[in-house]
Amino acid sequence: ENEKIIRLTKVVQYPMNAYDFVAFDLKNECLILGADLTSVFPKSETEKSIGNVLTNLRKLSRSVEIPSKSKDLRNCVENFEKEEIGDVLDHAFVTADGGYNHAGKSLTKGQDVRKDGFHKDGIEGKEADYYGVVKAYTPSNGEKDEKVIISIRLTYKEFKDKSSLPIRYAIFNGVRTLNGLTYSIRKVLEHNHN
């Protein structure tokens, strides 16, 4: 009777589908961990769950360490940018002299931002250090209207604070088929070179 409520906490549970997967690319000797919703939850949470998956894989394979050829996907950003096929919907870069920082977006219109006059004027005759790209593709042999969007990027703050900070994740959106997923994974592996 004499007690007062000073705080009330309500816990709500929402059911949602998460499509985590493990893929083995034997040709490129790669192990791909698919962690859905990594852009939704804090990095510390996703790092912890991916760490648990790796621990379990080490136990299953009786391996002390699972080698990683491509912990850093930074090479992909510029390679995606330079590739002519596909549409760059969003990108971010700084010119080498630091005089021009550009973040172009066309996510709603779906147009290639590389064709924008503002971008062309700003980059003409300059070296650029790309730190983010979002690119759309239409996979062959996929669903008729399937358009996969691959995002690989740092925020400007992350890029500015630590220029050597690795990009650990590629995020795939719009994937509807196994062919679309395979296509997206292959695109990342294909572009992850110097």
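A residue is termed buried when its relative accessible area is under 20%. In this predicted model, Glu81 meets that criterion because its relative accessible area is 5%.

**Figure 1. Overview of the chain and its secondary structure.** The predicted model contains 5 helices and 7 strands. Along the sequence these elements follow the order β-β-α-α-β-β-α-β-β-α-β-α. Of the 194 residues in the chain, 32% are buried. The exposed surface of the chain amounts to about 14000 Å², with 51% of it supplied by carbon and sulfur atoms. When contacts between residues at least 6 apart in sequence are considered, 60% join residues at least 24 apart.

**Figure 2. The hairpin of strands E1 and E2.** Strand E1 comprises residues 21-25 and strand E2 residues 30-34. The two strands pair in the antiparallel sense, with 5 bridges between them. Phe21 has Gly34 of E2 as its bridge partner. Between the strands of this hairpin lie 4 residues, and Glu29 adopts a positive phi near 55°.

**Figure 3. Strand E3 and its pairing with strand E5.** Strand E3 spans residues 87-95, and strand E5 spans residues 128-137. Their pairing is antiparallel and extends over 8 bridges. Asp87 is placed opposite Ala136 in E5. Strand E3 is mostly covered, as 8 of its 9 residues are buried. Asp90 is located in E3 and has a relative accessible area of 5%, so this residue counts as buried. A polar contact of 2.8 Å joins the side chain of Asp90 to the side chain of Arg153.

**Figure 4. Glu81 in helix H2.** Helix H2 covers residues 74-82, and Glu81 lies within this helix. The relative accessible area of Glu81 is 5%, which means that the residue is buried. Glu81 and Val134 are 53 residues apart along the chain, and their C-alpha atoms are separated by 9.0 Å.

**Figure 5. Surroundings of Glu83 in the loop after helix H2.** Glu83 belongs to the loop between H2 and strand E3. Its relative accessibility is 13%, so Glu83 counts as buried. The side chain of Glu83 forms a polar contact of 2.3 Å with the side chain of Tyr137. Leaving aside residues up to four places away in sequence, Glu83 touches Arg114, Lys135, Tyr137, Lys187, Glu190 and His191. Of these neighbours, Lys187 and His191 are listed among the buried residues of helix H5.

**Figure 6. The aromatic cluster of Phe80, Tyr137 and Tyr183.** The model has 4 aromatic pairs. In one of them, Phe80 and Tyr137 form a tilted arrangement, with 6.2 Å from centre to centre and 55° between the planes. This pair links distant parts of the chain, since Phe80 lies in helix H2 and Tyr137 in strand E5, 57 residues apart. Phe80 is buried, with a relative accessible area of 1%, and Tyr137 is also buried, at 3% relative accessibility. The ring centres of Tyr137 and Tyr183 are 5.9 Å apart with planes at 65°, so this pair is edge-to-face; the angle is over 60 degrees, the limit for that class. Because Tyr137 lies in strand E5 and Tyr183 in helix H5, the pair ties together parts 46 residues apart in sequence. Tyr183 counts as buried at 19% relative accessibility. Phe80, Tyr137 and Tyr183 together form one aromatic cluster.

**Figure 7. Helix H5 and the elements that cover it.** Helix H5 consists of 14 residues, numbered 178-191. At 1.5 Å a residue its expected span is 20 Å, and the end C-alpha atoms are 20 Å apart, so the two values agree. The buried residues of this helix are Gly180, Tyr183, Ser184, Ile185, Lys187, Val188 and His191. An α-helix has 3.6 residues a turn, so residues three or four places apart point the same way. The cover over the buried residues of H5 includes strands E1, E2, E5, E6 and E7 together with helix H2. Within this cover, strand E6 spans residues 148-153 and strand E7 residues 171-173.

Technical notes
Residues are numbered from 1 along each chain as its sequence is written. This is a predicted model: local features need pLDDT of at least 70, side-chain atom pairs count only at pLDDT 80 or more; totals for chains, interfaces and linings use all residues. Side-chain values use heavy atoms; hydrogens and water are left out. The expected span of a helix is 1.5 Å times one less than its number of residues. Buried means under 20% relative accessible area, exposed over 50%, partly exposed in between (1.4 Å probe, protein chains only). Contact means heavy atoms within 4.5 Å. A polar contact is a pair of N or O atoms within 3.5 Å; within protein, one must be able to donate a hydrogen and the other to accept it, and residues adjacent in sequence count only if both atoms are side-chain atoms. Two strands pair if DSSP finds at least two bridges between them. Rings of Phe, Tyr and Trp (its six-membered ring) pair if their centres lie within 6.5 Å; planes under 30 degrees apart count as stacked, over 60 as edge-to-face and the rest as tilted. Accessible areas come from the Shrake-Rupley method with a 1.4 Å probe; for residues, only the protein chains shown count as cover.
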